[in-house]
2 protein chains.
Amino acid sequence: MNQKIYFNGEIVPREEALVDIEDRGYQFADGVYEVIAVYQGKPFKLMEHLERLAFSAAELEISCPGINQLQHETESYLASLNQTEEDISIYIQLTRGACPRTHAYPDDLDPVLIMKAGSLELRPDEYYQNGVKIITRPDERWSKCYIKSIALLPNVMAKKAAKRARAYEAVMHRDGFVTEGSSSNLFLVEGDSLLTPPASNYILNGITRQTVIQEIGPKLSLEVREQSISLDRLFRAEEVFLTGTTTEIMPVVRIDEREVGQGRVGELTGRILTAYRELTRA
Amino acid sequence: MNQKIYFNGEIVPREEALVDIEDRGYQFADGVYEVIAVYQGKPFKLMEHLERLAFSAAELEISCPGINQLQHETESYLASLNQTEEDISIYIQLTRGACPRTHAYPDDLDPVLIMKAGSLELRPDEYYQNGVKIITRPDERWSKCYIKSIALLPNVMAKKAAKRARAYEAVMHRDGFVTEGSSSNLFLVEGDSLLTPPASNYILNGITRQTVIQEIGPKLSLEVREQSISLDRLFRAEEVFLTGTTTEIMPVVRIDEREVGQGRVGELTGRILTAYRELTRA
């Protein structure tokens, strides 16, 4: 994998991609990010990701290049990698910039924009064939999860708890209702309908989530309802799956110690995964 | 101010204090920190700060040097600065280390320990003489505020809101009860008693807070009660003050648009500030 890094308008070797210790991303988690999948050289939903990056930045009053410039920078970086065979991912991070440490940020900082390509690291085939286990866990995060910020410590701890339980993901809940996974959204199947929690301040409105709601659901003639989902309802679901840029459409066959449905990958989940693969590899 | 930086066991010039873009502190807020005041060369409550750093790290399973080594490193760094006239502060940050980006952390990372000295930047004298204004604001933070992590984005946004309202601090509340300021704890005076919210998971148990409870209160024969404080009760308080390493003991004379008591620095608050100054400058 090519190890060139985009760093504030320049392409630098990996080992030169260093940031100041007073970059506010390092001292205050004062930044936002995106992860974009690139299938055979084509970034999937590039504009949606860049628009969300700009939106997250705006919510935090972080100065962000315009969408056209972001697009240009990303596409130039991608072109410089010359990777059209292997599927890759692009990690984009925008922090507020560096200044002497103080909570209340100055308004005139120069933001730091970084992009790093990596292999896409899709999950193993058997995860998609056999389904995965998830655990449930109280949602410990702040109340502005709709911003894709780098203040990810609660997500880190949740994901680690999942790994320790030999599970794929930790799905979180507040006040008895499901929010989302530590790095994924959640859907369940009831009859011919898909259900997913509404895009409130308590969830990150994933691009893959939106793709299922707006494109795949209609294409497969499935009704998609955004609705609060109690833990009990989750446990009774016929099928459950997770969505995310690198998770794609991940079938869930076990939640904590309970089987989902028959404990096998659900039929609708399989059709949605197939549709997603067709869409991304078109 | 001397601009030497402690960086993982070495003293480096300021401009060489750079971290990798995949340091997990930068991508996940996966780290902890302390700020220590150094009065005329003497760090105040050094061991308490270092023990809390180790505690925060342990809560997050971040590998941390032993207390004795931390003490040795801090004292050596301090000695290298040769600053015994000016009061300074030491910022200490420990992150989990660098690895290819993934939420669930590997267990074998080499942590990154940084220390940076700065001027103590105490608040202007008139703040202490006249008191300050604070605003109140819903607490948006996660549920593990007792860990002194660098996931400070909600605190950043709260402090910025305060500055914008020309206030010193934003004091936060959950479910109608006061938690703390964005970088300080809160006390109020009722008769001869001091009240402060209990050290739950929703507050950071400040060293200055503990000093008031354990040393200054008893010294001045004041009863100190750790008790949940409703917003209404805060608004009715006779005196209010904030505590913190650089805030020291800060009198509050206005909360949102309301005056506290007579709108002047309270008598007990003044005595506590005097006692704190004696303690730190002993």
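This passage walks through the overall build of chain A, one glutamate inside it, and two loop residues of chain B.

The model is predicted, so local features need pLDDT of at least 70 and side-chain atom pairs count only at pLDDT 80 or more, while totals for chains, interfaces and linings use all residues. Residues are numbered from 1 along each chain as written, chains are lettered from A and ligands numbered from 1 in written order, and side-chain values rest on heavy atoms, with hydrogens and water left out.

Chain A holds eight helices and 16 strands; helices (H or I, at least four residues) and strands (E, at least two) are DSSP runs numbered from the N terminus. Its C-alpha atoms fit a box of roughly 55 × 40 × 35 Å along the principal axes. The radius of gyration of chain A is 19 Å, in agreement with the value near 19 Å for a compact globule of 282 residues; this radius is taken over C-alpha atoms, and the globule rule is 2.2 Å times the number of residues to the power 0.38.

Of those 282 residues, 58% count as buried, which means under 20% relative accessible area, with exposed being over 50% and partly exposed in between (1.4 Å probe, protein chains only). For contacts (heavy atoms within 4.5 Å), 71% of those between residues at least 6 apart in sequence join residues at least 24 apart. Chain A exposes about 11,200 Å², and carbon and sulfur atoms supply 45% of that; the areas come from the Shrake-Rupley method with a 1.4 Å probe, and for residues only the protein chains shown count as cover.

Glu180(A) sits in strand E10 (residues 177–181). At 3% relative accessibility, Glu180(A) counts as buried. Its side chain makes a polar contact with the side chain of Arg141(A) at 2.8 Å; such a contact is a pair of N or O atoms within 3.5 Å, where within protein one must be able to donate a hydrogen and the other to accept it, and residues adjacent in sequence count only if both atoms are side-chain atoms. Leaving aside residues up to four places away in sequence, Glu180(A) also touches others, including Cys145(A), Met172(A) and Tyr202(A).

Over in chain B, Gln40(B) has a positive phi, near 45 degrees, despite not being glycine. Gln40(B) belongs to the loop between strands E4 (31–39) and E5 (42–43), and is partly exposed at 46% relative accessible area. Glu61(B), likewise not glycine, has a positive phi near 55 degrees. The loop holding Glu61(B) runs between helices H2 (46–59) and H3 (67–81), and Glu61(B) is partly exposed at 41%.
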